[in-house]
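Good morning, and thank you for coming. Please take a moment with the sequence and the model on the screen before I go through the packing, the aromatic pairs and the empty spaces.

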Amino acid sequence: MEISDILKNKRTELNMTQDDLAKSLYVSKRSITNWENSRTTPDIDSLIRLSKLYDISLDDLLLNNSKAVKSIKNQAKLNSMNMYLAFTFITFLAFIFILGTTGLYGDLAKPVLIVSYIGGFSNIVAMVYFLDQINKLENKSEKELIKSAMKWTILGFSLVIIGIIIIVMIKY
């Protein structure tokens with residue numbers, strides 16, 4: 001039996017409204033509606049509260065419903081990918097900043113300059129990879145991947161350009 005069916009049946013059995021259930025689980029009524037219509041699944045905290053409220057074992061809620069387990073695993077993966085993307089973005093900014101300020105504080109040695117270009121390019125590749133993984137987990141299209149990659153790249157370049165302008169204004 002799906003979580004949506006369990007929710008509807010138990011809520012009806014206990015004569016609870018969606019509002020009552022939402023208050024008991026500390027979520028919005030919209031969340032309850034989405035769960036009951038199988039649009040989304042409850043997070044692990046909500047599943048634990050549901051288990052206690054309805055006196056149903058977590059085994060019955062999770063093991064009999066692979067959709068919920070898959071959703072929880074996807075959410076954990078998504079959180080990891082977002083964290084990796086953030087770190088990659090920060091290092092991308094560092095490489096772009098190094099390359100953008102090269103002439104302001106003296107030229108970099110050729111090997112350092114080459115490594116910086118390679119590092120910056122590698123970070124772009126890593127960002128696209130993490131964005132692709134995030135888009136797959138969120139079931140987004142290839143077009144949205146390109147849109148996300150462009151957004152992150154433009155944001156990065158914009159931040160670096162603003163930083164360089166501020167440095168030039170302070171230095172000169």
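Helix α3 packs, through its buried residues, against α1 (3–13), α2 (18–25) and α4 (44–54). I should say at once that we are looking at a predicted model. Helix α3 itself covers residues 29–36, and its buried residues are Ile32, Asn34, Trp35 and Glu36. Just after α3 comes serine 38, with a positive phi of about 60 degrees.

Following the chain onward, we reach aspartate 43, in the loop between α3 and α4. Is this residue buried or partly exposed? Aspartate 43 has a relative accessible area of 44%, so the residue counts as partly exposed. Its C-alpha atom is separated by 9.6 Å from that of valine 69, although the two residues are 26 apart along the chain.

Let me turn to the nonpolar cores. As a general matter, nonpolar side chains in soluble globular proteins tend to be buried together. In this model, the largest nonpolar core has 17 residues, and Leu85, Phe89, Phe92, Met127, Leu131, Ile134 and Val160 are those with the most contacts inside it. Three helices, α6 (66–100), α7 (110–137) and α8 (142–171), each supply at least two residues of this core. Helix α6 gives the most, with seven residues. A second core, separate from the largest one, has 15 residues, among them Leu21, Ala22, Ile56 and Leu62.

Phenylalanine 89 deserves a closer look. Leaving aside residues up to four places away in sequence, phenylalanine 89 touches Met127, Trp152, Leu155, Gly156 and Leu159.

That brings me to the aromatic rings. How many aromatic pairs are there? The count comes to five. One of them joins phenylalanine 92 and phenylalanine 157 in an edge-to-face arrangement, with 5.7 Å centre to centre and 80 degrees between the planes. Because phenylalanine 92 lies in helix α6 and phenylalanine 157 in helix α8, this pair ties together parts that are 65 residues apart in sequence. The two partners may also be described by their accessibility. Phenylalanine 92 counts as buried, at 0% relative accessibility, whereas phenylalanine 157 is partly exposed, with a relative accessible area of 36%. Ring pairs also link Phe89, Phe92, Trp152 and Phe157 into a cluster.

I will finish with the empty spaces, starting with the open ones. The largest pocket has a volume of about 320 Å³. Its lining comprises 16 residues, and Thr40, Thr41, Ser71, Ile72 and Gln75 lie nearest its centre. Which helix supplies the largest share of the lining of this pocket? Helix α6 does, with seven residues. By class, the pocket lining has six nonpolar, six polar and four charged residues.

As for enclosed space, the structure holds one cavity of 30 Å³ or more. The largest cavity contains about 60 Å³ of space. Ten residues line this cavity, with Ser4, Trp35, Ser38, Thr40 and Thr41 nearest its centre. By class, the cavity lining has three nonpolar, five polar and two charged residues.

This also returns us to the opening part of the talk: Trp35 is among the buried residues of α3, and Ser38 is the residue with the positive phi just after that helix. Thr40 and Thr41 are among the residues nearest the centre of the largest pocket, and they are likewise among those nearest the centre of the largest cavity. Thank you; I would be glad to take questions.

Notes: Residues numbered from 1 in each chain as written. Predicted model: local features only at pLDDT ≥ 70, side-chain atom pairs only at ≥ 80, totals over all residues. Heavy atoms only, no water. Core = buried A, V, L, I, M, F, W, Y, C linked by side-chain atoms within 4.5 Å. Buried < 20%, exposed > 50% of the residue type's maximum accessible area, 1.4 Å probe, protein only. Helix = DSSP H or I, 4+ residues; strand = E, 2+ residues; numbered from the N terminus. Contact = heavy atoms within 4.5 Å. Phe/Tyr/Trp six-rings, centres within 6.5 Å; stacked < 30°, edge-to-face > 60°. 1 Å grid on protein atoms, 1.4 Å probe; cavity = no way out; pocket = protein on both sides within 12 Å on 5 of 7 lines; lining within 4 Å. Points joined across faces, edges and corners; volume = space filled by probe spheres on them. Nonpolar A, V, L, I, M, F, W, Y, C, P; charged D, E, K, R; others polar.
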